[in-house]
Amino acid sequence: MEVNQAKQEHLLALKVMRLTKPTLFTNIPVTCEDRDLPGDLFSRLMKEDPSTIKGAEALMLGEMLTLPQNFGNIFLGETFSSYISVHNDSSQVVKDILVKADLQTSSQRLNLSASNDAVTELKPESCIDDVIHHEVKEIGTHILVCAVSYTTQAGEKLYFRKFFKFQVLKPLDVKTKFYNAETDEVFLEAQIQNITTSSIFMEKVSLEPSMMYNVAELNTVEDEGTSTFGKMSYLQPMDTRHYLYCLKPKPEFAEKAGIIKGVTVIGKLDIVWKTNLGEKGRLQTSQLQRMAPGYGDVRLSLEMIPDTVNLEEPFDITCKITNCSERTMDLVLEMCNTCSIHWCGVSGRQLGKVRPSASLALPLKLLSSVQGLQSISGLRLTDTFLKRTYEYDDIAQVCVVCPYMSRES
């Protein structure tokens, strides 16, 4: 929308046009049967129409392109381009012409002019042309302010401005969810929805991890190497796609439990798309943050457990104990039986001293006296330095089956 100041006669005329891709021309075909009154009149007219496709005149889509008639929709992440022309409509030479283009957003004012130097003179029927570009990074109201100052032959200095107001809309709705695994792995689910009125081509959706993580994309079929979304990467209006990523700590940070525990910054998403006629848009989210998992001072994780075990037969598991505190611990392990889980071994044994961020592998043996899906519980760690006890229930679940087959006599 153009907003002008009070009208005043000026020697120069300012014209501004947004540069966008043209759109395909569409028409409304009108047809009838040969036995109707018009006969083949409509068919002949459509064949003579230069905008229709030869041999497919009944299609709404034509072969011609239509130039934009207004500013149109501008979306976040796209590049705003505009053509600015200052024309000397008078019969006299104008001197010291300075054209300035600023873009006013809700938070800042940007200078988009390619040059801030004044043009020495402008002869009658001559013009000054400039093309400006700006990658839109804010949503909401934007105002393009074009100012022109010049000096007449009589030495009078004149100045005028024009304002072009437009809205920047959000093209995509991005939602994220984090899932913390039993290990230090973090899974990120990104939901991306097209909230424009036309389909878009998703060229790239990637995750740029923070310095402590490596990332693996889980959006392809492993055996075939093809995208889980198929060969077509088009996202229709209001459609949603779910992207999944797995982040693992880098080797130099993997053993530093205290550092990984407090990491909340995961990385940022980089999304690149194209519109119908190839106009590119790009969005980068801010740094994505997760809620840091609360491991406490001592973290107990499961490293190895069988999928299925036999009833009343001992089986082995391996646990990993990590000191997440900033002090050395002297740990004692106690094993408490439950109604279904029975530990094998000596309870109350010394595990020794564990330094900060250090880990200890702990092989254990146990058996189940009840069939079905059983929860492994009953481990207790005590720090003898501070006389502090840590209890661990529902460490994992195991499927217990009976190996004996009952026979009817």
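**Exercise 1. Classify Cys127 and Cys246 by accessibility, then count the disulfides.**

Step 1. Cys127 has 39% relative accessibility, so Cys127 counts as partly exposed. The classes are buried (under 20% relative accessible area), exposed (over 50%) and partly exposed in between, with a 1.4 Å probe and protein chains only.

Step 2. Cys246 has 6% relative accessibility and therefore counts as buried.

Step 3. Apply the disulfide rule: a pair of cysteine sulfur atoms within 2.5 Å. The count is zero disulfides.

Basis for these exercises: the model is predicted, local features need pLDDT of at least 70, side-chain atom pairs count only at pLDDT 80 or more, and totals for chains, interfaces and linings use all residues. Residues are numbered from 1 along each chain as its sequence is written, and side-chain values use heavy atoms, with hydrogens and water left out.

**Exercise 2. Describe the salt bridge between Asp316 and Lys365.**

Step 1. Start with the rule: a salt bridge is a side-chain nitrogen of Lys or Arg within 4 Å of a carboxyl oxygen of Asp or Glu. By this rule there are 14 salt bridges.

Step 2. Check the distance. Asp316 and Lys365 meet at 2.8 Å, N to O.

Step 3. Place the partners. Asp316 sits in strand β24 (residues 315–323) and Lys365 in strand β28 (residues 359–368), so the pair ties together parts 49 residues apart in sequence. Strands (E, at least two residues) are DSSP runs, numbered from the N terminus.

Step 4. Check exposure. Asp316 is partly exposed at 39%. Lys365 is partly exposed at 35%.

**Exercise 3. Trace the pairing of Asp383 with Arg327.**

Step 1. The closest N and O atoms of Asp383 and Arg327 are 2.6 Å apart, forming a salt bridge.

Step 2. Asp383 belongs to strand β30 (residues 379–383), and Arg327 to the loop between β24 and β25 (329–335), so this pair ties together parts 56 residues apart in sequence.

Step 3. Asp383 is buried, with a relative accessible area of 0%. Arg327 is partly exposed, at 23%.

Step 4. Widen the view. Asp297, Arg327, Asp383 and Arg388 are linked in a network of salt bridges.

**Exercise 4. Assess the salt bridge between Lys170 and Asp173.**

Step 1. The closest N and O atoms of Lys170 and Asp173 lie 3.8 Å apart.

Step 2. Lys170 has 40% relative accessibility and so counts as partly exposed.

Terms used. Helix = DSSP H or I, 4+ residues; strand = E, 2+ residues; numbered from the N terminus.
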